[in-house]
Amino acid sequence: MPLLVLDRDGVINEDSEDYIRSLADWHPIPGSLEAIATLSQAGFTIAVATNQSGLGQGYLGPDALAAIHARLCRQVEEEGGSIAGIFYCPHLPEDGCACRKPAAGLLKQSAQA
């Protein structure tokens with residue numbers, strides 16, 4: 001199955017300069033969930049790779065991030081699709097980690113989805 005890796009903020013959901021900190025802040029872009037479901041139904045494996053430095057900065061905790069991702073997956077499933085995995089980097093840009101995009105770490109993780 002071909003793999004399609006999508007970013008989250010600004011691609012699947014509306015982005016915010018103040019970070020997506022809770023379920024109340026997470027708003028899918030109109031048509032994005034349906035498009036993911038359609039691609040999934042067409043035989044693509046869908047993965048999400050997202051930088052989430054808000055974790056490292058304390059703007060949200062792991063439970064809030066997990067709730068956002070659970071809602072995303074559930075809503076895609078309600079449209080008839082699926083997300084094979086969501087991979088995120090919690091580090092700050094200055095941390096110099098191997099997982100923060102544009103480094104390839106999250107893409108390598110996604111390839112295992």
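## A guided look at loops, helices and a tyrosine pair

At 16% relative accessibility, Asp9 falls under the 20% limit, so this residue counts as buried. The model you have in front of you is a predicted one, and Asp9 is a handy place to start because its loop, between β1 and α1, comes up again below. From there the tour goes on to a tilted pair of tyrosine rings, a right-handed helix crossing and a cis peptide bond.

**Asp9 and Asp7, in the loop after β1**

- Asp9 sits in the loop between β1 and α1, and Asp7 has its place in that loop between β1 and α1 too.
- What does Asp9 touch, not counting residues up to four places away in sequence? The list is Asp15, Ile20, Thr50 and Gln52.
- From Asp9 to Ile29 the C-alpha distance is 9.5 Å, with their positions 20 residues apart in sequence.
- Asp7 has a relative accessible area of 29%, so it is partly exposed.
- Leaving out residues up to four places away in sequence, Asp7 touches Ile12, Val48, Ala49, Thr50 and Lys101.
- Thr50 therefore appears among the residues touched by Asp9 and among those touched by Asp7.
- Asp7 and Gly80 are 73 residues apart along the chain, and their C-alpha atoms are separated by 20 Å.

**The tyrosine pair and its surroundings**

- How many aromatic pairs does the structure hold? There is 1.
- The ring centres of Tyr19 and Tyr59 are 4.8 Å apart and the planes meet at 45°, so this pair is tilted.
- Tyr19 belongs to the loop between β1 (3-6) and α1 (32-41), while Tyr59 belongs to the loop between α2 (53-56) and α3 (62-78), so the pair ties together parts that are 40 residues apart in sequence.
- Are these two tyrosines buried, exposed or partly exposed? Tyr19 counts as partly exposed because its relative accessibility is 30%, and Tyr59 counts as partly exposed because its value is 33%.
- Arg21 joins the picture by lying over the face of Tyr59, 4.2 Å from the ring centre.
- Gly54, found in helix α2, touches Tyr19, Tyr59 and Leu60 once residues up to four places away in sequence are set aside.
- With a relative accessible area of 1%, Gly54 is buried.
- Gly54 and Asp7 are 47 residues apart in sequence, and their C-alpha atoms are 15 Å apart in space.

**How α1 meets α3**

- The axes of α1 and α3 are 8 Å apart, and the two helices pack at an angle of about 65°.
- Which way does α1 pass α3? The crossing is right-handed.
- On the α1 side the contact is made by Leu33, Ile36 and Ala37, and on the α3 side by Leu72, Gln75 and Val76.
- By residue type, the contact of α1 with α3 divides into 5 nonpolar, 1 polar and no charged.

**Thr45 and Ala42**

- Thr45 lies in strand β2 (residues 45-51).
- The relative accessibility of Thr45 is 16%, so Thr45 counts as buried.
- Neighbours within four places in sequence aside, Thr45 is in contact with Met1, Pro2, Leu3, Leu4, Ala84 and Ala113.
- Ala42 is found in the loop between α1 and β2.
- Is Ala42 buried or exposed? Ala42 counts as exposed because its relative accessibility is 58%.
- Ala42 and Gly81 are 39 residues apart in sequence, and 9.5 Å separates them from C-alpha to C-alpha.

**Backbone features to look at**

- As background, most residues other than glycine have a negative phi, and most peptide bonds are trans.
- Tyr19 has a positive phi of about 75° although it is not a glycine.
- Where is Tyr19? Tyr19 is in the loop between β1 and α1, and Tyr19 is also one of the two rings in the tilted pair.
- Lys101 and Pro102 are joined by a cis peptide bond, with omega about 20°.
- Pro102 lies in the loop between β3 (85-89) and α4 (105-110).
- Lys101, on the other side of that cis bond, is one of the residues that Asp7 touches.

Technical notes:
Residues numbered from 1 in each chain as written. Predicted model: local features only at pLDDT ≥ 70, side-chain atom pairs only at ≥ 80, totals over all residues. Heavy atoms only, no water. Phe/Tyr/Trp six-rings, centres within 6.5 Å; stacked < 30°, edge-to-face > 60°. Helix = DSSP H or I, 4+ residues; strand = E, 2+ residues; numbered from the N terminus. Buried < 20%, exposed > 50% of the residue type's maximum accessible area, 1.4 Å probe, protein only. Lys NZ or Arg CZ within 6 Å of the ring centre and 35° of its normal. Axes fitted to C-alpha atoms, helices over the stretch in contact; angles between N-to-C directions. Left-handed = near helix turned anticlockwise from the far one by under 90°. Contact = heavy atoms within 4.5 Å. Nonpolar A, V, L, I, M, F, W, Y, C, P; charged D, E, K, R; others polar.
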